[in-house]
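Please look through the sequence and the model below before reading on. The paragraphs that follow start with a pair of helices and then turn to the nonpolar cores.

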Amino acid sequence: MSADFWAGYISGAAGIILGNPLDVLKVRLQAGSPPSPSQPPPPSTSLLGPSTAATRSTHSSSYLRPFLLGTAVPVLGYGALNALLFVSYNRTESFLNRLSAPGAGGDAAGGQGRGTDLLTTWLAGAVGGLATWVVSTPTELVKCRAQLQVPSSSSALSCGPGLQSQPPPHGTSSPSPTSSWHITTHLLRTTGLRGLYVGGTVTALRDSIGYGFYFWGYELCSRWWDDALFLLPSSSSTTTTTTTSSSSHEDSSTTMNEAARVLLCGGLAGIITWASIFPLDVVKTRVQTQRTPLLGDDRQNINAPLPRKRLGAWDMAKETYREGGLRPFFRGLGVCSVRAFIVNAVQWAVYEWIMVELGQGRRKASRQEG
């Protein structure tokens, strides 16, 4: 496996673990469901027996557990998705650079450098995003359905407006949320492989546009950072020839500047990405979490009304607009922006660090090109 594959995989897994609690809030706001479980308040009496204390502890944990829902599948799936994304992006960028400079004698940066123009960066990111569709669609579907679960007093789990979770395994009636693994196996058993690709078209569109802006935003911010540093007066120019300690101080300053660049530019790239595709993501979430026979229903709620057929992306967009105009298309954007900055700052930092440790830092390659 190439260095960018492992760097992408590890950084992707780290990002989903860090950002899952806020991602739960985002998905629930997009789908129109409450961000926290609707549980009755725990007893407030001062005389609590052992059984009452245990019940209180259970109630307390029920408020925390939903924010860990849907983590298992994304840790595996999003790690693979991120690895595929960076490999596809780097190879596509390398290919486009060779096309734009046929006399350059190949790719001087070994596929790890940065394109000379931002359009190349955007196109390479869009191709990389499209390549992730085969992984991102089932991962997003299972993740969203797991995250929308709200524990209730009965075995039926409410998953948002018009959506019910899959029934518990045969012979059980646990009120605890259904696991990501059970959701996946239930879909495969009842609908086959196509059941995991509900909302695939809008997901592919979201990923191609979003990841185009993702790499474009990171590159643009990195260039602005370099230009700003170039314009700032260098305090080290007067001390670089004095002692060896000044050299180590300069190296430390360079490392800190590079770390700050990666964190800031990575975070801003995440915000740019989600701002560019958030309405598409709202439609995708609603398409994938709507309650239809295709996705499976709770047998104890068979009398609940069902739509005549599963709505496609366009019909879901019109239905969302009728719900409240443009506002539902941007519900949860604030939470998503906070999550995007934190997750992508860390994700880019992990990726760049691993690439440097493996001797294929993208930053070094771009400097050698320039």
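How are H5 and H7 oriented to each other? The model is a predicted one. In it, helix H5 covers residues 133-147 and helix H7 covers residues 200-231. Their axes come within 9 Å and cross at roughly 120°. Angles of 65 to 115 degrees count as roughly perpendicular and those over 145 as roughly antiparallel, and H5 and H7 are therefore oblique to each other. The crossing of the two helices is right-handed.

On the H5 side, the contact is made by Trp133, Ser136, Thr137 and Glu140. H7 contributes Gly200, Thr201, Thr203, Ala204, Arg206 and Asp207. Sorted by class, the residues in this contact of H5 with H7 are two nonpolar, five polar and three charged.

H7 also takes part in the largest nonpolar core, to which it gives six residues, the largest share. That core has 23 residues, and those that touch the most other members are Tyr211, Tyr214, Phe215, Tyr218, Trp348 and Tyr351. Besides H7, the elements giving two or more residues to the core are helix H1 (3-31), helix H3 (72-100), helix H8 (244-289) and helix H10 (333-357).

What does Tyr211 touch, leaving out residues up to four places away in sequence? Its contacts are Tyr78, Leu81, Leu85, Gly125, Ala126, Gly129 and Thr132. Apart from the largest core lies another one, of seven residues, including Val202, Val287, Met316 and Phe329.

Notes:
Residues are numbered from 1 along each chain as its sequence is written. This is a predicted model: local features need pLDDT of at least 70, side-chain atom pairs count only at pLDDT 80 or more; totals for chains, interfaces and linings use all residues. Side-chain values use heavy atoms; hydrogens and water are left out. Axes are lines fitted to C-alpha atoms, for helices over the stretch in contact, and angles run from 0 to 180 degrees between N-to-C directions. Helices (H or I, at least four residues) and strands (E, at least two) are DSSP runs, numbered from the N terminus. Angles under 35 degrees count as roughly parallel, over 145 as roughly antiparallel, 65 to 115 as roughly perpendicular and the rest as oblique. A crossing is left-handed if the near helix is turned anticlockwise from the far one by less than a right angle, and right-handed if clockwise. Contact means heavy atoms within 4.5 Å. Ala, Val, Leu, Ile, Met, Phe, Trp, Tyr, Cys and Pro count as nonpolar, Asp, Glu, Lys and Arg as charged, and the others, Gly among them, as polar. A nonpolar core is a set of buried Ala, Val, Leu, Ile, Met, Phe, Trp, Tyr and Cys residues joined through side-chain atoms within 4.5 Å. Buried means under 20% relative accessible area, exposed over 50%, partly exposed in between (1.4 Å probe, protein chains only).
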